[in-house]
Each structure stands twice: as structure tokens, then as C-alpha cells.
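Dear colleague,

I am handing over the structure we spoke about, so that you can have it open while you read. My notes on what was found follow below it.

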Amino acid sequence: MTTTATTTTAAPSVQQADADQEIITRVLAGSKDAFGILIQRYSDPLYRHALGMTGSPDVAEDILQASFIKAYQHLGEVRGRFDAWVFRIVANACKDWLKNIRRTHVSYEEDDQPSSLSTPEEEMDRNELRTDLEYALSRLPESLREAFVMKHVEGRSYEEMAELLETTVGALKMRVHRAREALQALLEEKYA
Amino acid sequence: MSDETPGAPQPEKKYRKTPPATPAVQAWLDGDQSRDELGTADEQETAELWARINNEAASLRTRHTPIHVQSRIMSSLPDVPVVNEPLAEPAKKMNPATTVIAAIVILAIGGLIGFMLVR
């Protein structure tokens, strides 16, 4: 078996970026409803990022809402790709939240997603691992957590991450590697 | 009180430390090489742990924005899309006169230090 460990999410195509620009033009011309297309198009990856960073669905929803409102209010300032621009708004909001909140516990509560696993033992193991991951993720410094979430939870390529975070692939690889080391050490610490 | 018999074999710990991720394991996690290329048993053990972590992380990738959130955002949008305040604080520009004065002061301090060192 020749498996690799990661999957990637492709960046929007040039056509998609052009289509976004068309929508922005319509919104700026007064079509508020057209903004809904952008929300529909990008809310899922942004929500996942906020969820991965904060660990709380409620906080992720609030961050998403505040970020889209901010994006709407400043739509005339978009230069380049809308998805990258709005991602940075969400990413900054997550970092601000992490800075301001005293974290005691994070939880992917209200997890009503269907499970592909069948036996109660497997489900228990999986829940335990999820809880452990949440705990370990919550202890990572925000830059490492961000890199880990983007790579492992969102499944982005290093190139895409570099574009979104405006840094180099090499720097991000280092952050992800350090995040993995720290995460593994934290998991070991819990079980030691 | 402990009911363990002295000298009796200790129960096996549930977890033993997984070996740290070697560069080969990191390369596998980065998608740069296949798992078959991990040579040692330790690397395979670490890969097994990370396969489970990846599996869990990937399950979060299927999460969708709750349906009510999109409509909540739309209903809370203000009427006007563009405001005049810039999203980011503009970089502060230094007045040219201030720049010249600052340069003179720095040069003077440098000259003074140089003079004192020479003396």
C-alpha cells in the first residue's frame, strides 16, 4: 500500500476569482442579495477554520458572522482574491479571540455529524481521541495551532497556506512540524 | 490501601510513549513520501498514531456551516456595503521635516560618541 498522509483542498480557479469580482461589483452597485452568493461559496471552509481554531461551534458562528459583516462593510477595499482576503479577516478574528479569552476547556460540542464507525468500542475510542486532540490543540501556541489546523483539519497544501498567510512554504513546514512534535508530546504527557 | 502483592508483575500501562516523528515520518505526513518508505518499527508505530489523528482531523473537514448561520448573517448585514474607515490602520508616515531632524540628531549623537571614543 502506498499511502500518503495528507489531502489537499484546491485553491479557487482564476474563473472563480473573476466570478467573485463580478459579484463584488454587483454588491457595490447596491445588490445586497448578491453578497449571499459569496457567503454560500466560502462559509464552509471559513467556518471549519474558526471551529478548528476556537474549538467551539458557537464562537465559530459568531466569528463567521462578524467577519462577513466586516467584509461586506469593506468590500470596496478588496484587492486580489476575495477568498484570501476574507480568510485573513476570519483568521485575525480567531487570533484576537484566542488572545482575549481565558481558555479552560474547548469542545466540539453539539457534534451531531454522522459517524462512519459502527461499534460502540470504536466510537468510544474515537471520542476519546477527539477529546485528547481538542485538549492538545488548545495548548498549542496560536501560530502552531493555525498551521496545524490549516494543514491537517482543513487539508490545505503548503502553497495555499503560504498564499493565505502571506509567508513562505518553508516557514509553514517548520511550524507544522513543530506543531506535530508539540501535539504528540502533549498527548504523551496526558497519558504518561 | 493497595491490594497489590509486592513483587507481583505490574499491570501493563495502557500507553507507552510513541517514538517522536522522525524526518521520514514528517515527510510522510507532508505527503512527500509513502508510508511504505518508513523503515523502522518505531517509525511505523508513530505513523500509526498519526494515521489515527489524521483520520480524526479529516472527519472535521466534513463539517458544514449550520444552515441558520447564513441567513443570520444576511439579515444582520447593514444596508450600505462600503464604509470610509480602512480595514487596517494605515502605516504611519513620517513628516519629511521630522525625518531630517531625526537624521541630524542621530548624526550628532554618533559624532559625539565618536569624539568621546577618540579622546
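From the N terminus on, the elements of chain B run α-α-α-α, which is to say that chain B has 4 helices and 0 strands. Please keep in mind throughout that this is a predicted model. Chain A is likewise described by helices, with 8 helices and 0 strands, and read along the sequence it follows the pattern α-α-α-α-α-α-α-α.

On burial, 34% of the 192 residues of chain A count as buried, and for chain B the figure is 14% of 119 residues. Within chain A, residues 24 or more positions apart account for 71% of the contacts with a separation of 6 or more.

The largest nonpolar core holds 54 residues, and those that touch the most other members are Leu46(A), Ala50(A), Ile63(A), Leu64(A), Val90(A) and Cys94(A). The element that gives the most to this core is α2(A), with 9 residues. If residues up to four places away in sequence are not counted, Ile63(A) touches Ala50(A), Thr54(A), Val90(A), Ala93(A), Cys94(A) and Trp97(A). As background, nonpolar side chains tend to be buried together in soluble globular proteins.

Turning to the contact between the chains, 46 residues come from chain A and 40 residues from chain B. On the side of chain A that touches chain B, at least two residues each are supplied by α1 (14-28), α2 (35-54), α3 (57-73), α5 (120-139), α6 (142-153) and α8 (169-191) of chain A, and the largest share, 10 residues, comes from α2(A). Sorted by class, that side of chain A has 17 nonpolar, 17 polar and 12 charged residues.

One helix pair across this contact can be described in detail. Helix α3 (residues 67-75) of chain B packs with α2(A) at an angle of about 145°, their axes being 10 Å apart, and the crossing of α2(A) and α3(B) is right-handed. On the α2(A) side the residues are Gly36(A), Ile39(A), Gln40(A) and Ser43(A), which meet Val69(B), Gln70(B), Ile73(B) and Met74(B) in α3(B). The contact of α2(A) with α3(B) has 4 nonpolar, 4 polar and no charged residues.

A second place to look at is Ala21(B), which lies in the segment before α1 (23-29) of chain B. Ala21(B) counts as buried because it has 21 C-beta neighbours inside 10 Å, where the cut-off for a buried residue is 20 or more. Leaving aside its neighbours within four places in sequence, Ala21(B) is in contact with Arg180(A), Glu181(A) and Gln184(A) as well as with Gln26(B) and Thr46(B). Although Ala21(B) and Thr46(B) are 25 residues apart along the chain, their C-alpha atoms are separated by 6.3 Å.

By contrast, none of the 23 residues of α4(B) is buried, so α4(B) lies largely in the open. The length of helix α4 (residues 96-118) of chain B agrees with expectation, because at 1.5 Å a residue it should span 33 Å, and its end C-alpha atoms are 33 Å apart.

Finally, you may wish to inspect Glu166(A), which has a positive phi of about 55° although it is not a glycine. Most residues other than glycine have a negative phi. Glu166(A) is placed in the loop between α7 (158-165) and α8 of chain A, and Glu166(A) is exposed, with 8 other C-beta atoms within 10 Å.

With best wishes

Methods
Residues numbered from 1 in each chain as written. Chains lettered and ligands numbered in written order. Predicted model: local features only at pLDDT ≥ 70, side-chain atom pairs only at ≥ 80, totals over all residues. Contact = placed C-beta atoms within 7 Å. Nonpolar A, V, L, I, M, F, W, Y, C, P; charged D, E, K, R; others polar. Axes fitted to C-alpha atoms, helices over the stretch in contact; angles between N-to-C directions. Left-handed = near helix turned anticlockwise from the far one by under 90°. Buried ≥ 20, exposed ≤ 12 C-beta atoms within 10 Å, placed from the backbone. Core = buried A, V, L, I, M, F, W, Y, C linked by C-beta atoms within 7 Å. Expected span 1.5 Å × (residues − 1).
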